[in-house]
2 protein chains.
Amino acid sequence: MEKLDRRILELLARDGRMSYTDIGKETGLSTSAAQQRVRRLEQRGVIKGYRATLDSNELGLLVTAFVAIKPFDPSQPDDAPDRLQHLPEIISCYSVAGDPSYLLKVQVPTMADLEAVLAKIRASAKVSTHTTTVLSTPYEDRPQL
Amino acid sequence: MEKLDRRILELLARDGRMSYTDIGKETGLSTSAAQQRVRRLEQRGVIKGYRATLDSNELGLLVTAFVAIKPFDPSQPDDAPDRLQHLPEIISCYSVAGDPSYLLKVQVPTMADLEAVLAKIRASAKVSTHTTTVLSTPYEDRPQL
DNA sequence: CCTGAAAACACATGTCA
DNA sequence: TGACATGTGTTTTCAGG
């Protein structure tokens with residue numbers, strides 16, 4: 001019944017606070033059966049966690065940008081992610097194939113903050129940066145189911 | 001007491017299933033006071049929703065890529081986001097400043113699926129695509145607090 | 001923002017197929 | 001191993017102040 005687990009994941013991806021009772025109703029399972037399946041999905045790591053999704057603008061994070069970085073010296077060991085981890089403005093870090101070595105997603109209150117973060121990125125990771133600023137976000141993080 | 005709301009948002013961003021009782025304990029509020037603040041944050045749209053975060057690999061989504069798109073004919077009306085919305089493989093869509101007009105994040109099971117989605121993107125939105133494939137993801141979607 | 005009580009829910013245990 | 005029933009303790013929810 002792998003189908004049932006998919007259905008449960010879809011429900012929780014859309015509403016992370018859905019009760020086991022409601023999951024049971026939607027899937028035709030009893031409350032405890034639903035709970036058991038969810039617990040297994042959590043233990044297997046399929047469900048990594050739960051979070052509230054917040055409105056960046058309401059939080060005062062008005063500027064979003066993608067920053068592609070390239071090491072100054074490609075012969076050096078590449079530990080950019082470690083070196084950049086301490087910057088909370090970096091929301092995501094992807095290692096990519098292609099010209100840049102990493103692609104970062106950055107969120108800050110103002111353009112001035114972006115400038116400051118870019119300077120920190122260059123200094124911390126010894127990289128050059130190529131920044132693409134986001135004008136608007138038609139949609140983001142749609143559930144993968 | 002704007003400080004309290006920030007704290008609540010931080011807690012819920014990290015654990016979207018935290019109970020109002022526990023939020024109260026962490027913030028020094030009673031259960032119902034905590035619940036009331038959360039409800040207001042939801043109504044104001046600061047909290048947009050709750051979701052389980054899933055492991056893409058476990059779901060069989062082994063390929064992630066960023067796709068920059070450019071319209072074939074820049075004189076035409078630009079409704080790419082609308083035209084692409086129906087493709088569930090597109091997780092996020094950002095309107096960006098710079099050479100491409102949009103940046104898409106795409107997730108699919110295999111490279112063959114990526115190829116298929118790129119064809120659909122080009123056909124649906126009448127754009128050219130420039131794809132950057134993700135090799136690994138050191139970190140992603142860190143809480144903005 | 002708190003109290004308090006009723007309803008809903010979570011969750012451990014035990015049973016059955 | 002997976003589904004279910006039941007019982008106990010929490011949590012949610014909605015009065016009221």
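In strand β5(B), the bridge partner of A:Val96 is B:Val134. Strands here are DSSP runs of E with at least two residues, helices are DSSP runs of H or I with at least four, and both are numbered from the N terminus. The bridge belongs to a pairing between β3 (residues 90-96) of chain A and β5(B), which runs in the antiparallel sense over 3 bridges. Two strands count as paired if DSSP finds at least two bridges between them.

A word on the model before going further. It is predicted, so local features need pLDDT of at least 70 and side-chain atom pairs count only at pLDDT 80 or more, while totals for chains, interfaces and linings use all residues. Residues are numbered from 1 along each chain as its sequence is written, chains are lettered from A and ligands numbered from 1 in the order in which they are written, and side-chain values use heavy atoms, with hydrogens and water left out.

Now look at how the two protein chains meet. Chain B brings 59 residues to the contact, and chain A brings 59 residues. Contact means heavy atoms within 4.5 Å. About 5700 Å² is buried between chain B and chain A, with carbon and sulfur atoms giving 52% of that area. Buried area is the accessible area, taken with a 1.4 Å probe, that two parts lose on being put together, summed over both. Three residues stand out on chain B. B:Arg17, B:Arg51 and B:Tyr139 supply 15% of the area that chain B buries against chain A, more than any other three residues.

Which charged side chains meet across this interface? B:Arg44 and A:Glu58 do, in a salt bridge of 4.0 Å from N to O. A salt bridge is a side-chain nitrogen of Lys or Arg within 4 Å of a carboxyl oxygen of Asp or Glu. The rule finds 2 salt bridges between chain B and chain A. Polar contacts between the two chains come to 45 residue pairs, both residues at pLDDT 80 or more. A polar contact is a pair of N or O atoms within 3.5 Å; within protein, one must be able to donate a hydrogen and the other to accept it, and residues adjacent in sequence count only if both atoms are side-chain atoms. Several elements of chain B give two or more residues to the side that touches chain A, among them α1 (2-14), β1 (47-54) and β5 (127-139). That side of chain B has 31 nonpolar, 15 polar and 13 charged residues. In this scheme Ala, Val, Leu, Ile, Met, Phe, Trp, Tyr, Cys and Pro are nonpolar, Asp, Glu, Lys and Arg are charged, and the others, Gly among them, are polar.

Salt bridges also occur within a chain. A:Asp22 forms one with A:Lys25, with the closest N and O atoms 4.0 Å apart. Both residues lie in helix α2 (residues 20-27) of chain A, 3 residues apart, about one turn of the helix. Over all chains, the whole structure has 17 salt bridges.

Turn next to the DNA. Strand D is surrounded by 14 residues, and the closest are A:Ser30, A:Arg37, A:Arg40, B:Tyr20 and B:Gln35. A residue is near a strand if one of its heavy atoms lies within 4 Å of it. Of the strand D atoms within 4 Å of the protein, 65% belong to sugar or phosphate and the rest to bases. A backbone N or O atom of A:Ser30 lies 2.9 Å from a phosphate oxygen of strand D. For the side chain of A:Arg40, the distance from an N or O atom to a phosphate oxygen is 3.2 Å. Helix α3(A) gives the largest share of the surface near strand D, 5 residues.

What surrounds DNA strand C? The residues include A:Tyr20, A:Gln35, B:Ser32 and B:Arg37. Here 72% of the strand atoms within 4 Å of the protein belong to sugar or phosphate, and the rest to bases. A polar backbone atom of A:Tyr20 is 3.2 Å from a phosphate oxygen of strand C. A polar side-chain atom of A:Gln35 lies 3.1 Å from a phosphate oxygen. B:Ser32 reaches a base: a polar side-chain atom lies 3.3 Å from a base oxygen of strand C. Helix α3(B) gives the most to this surface, with 4 residues.
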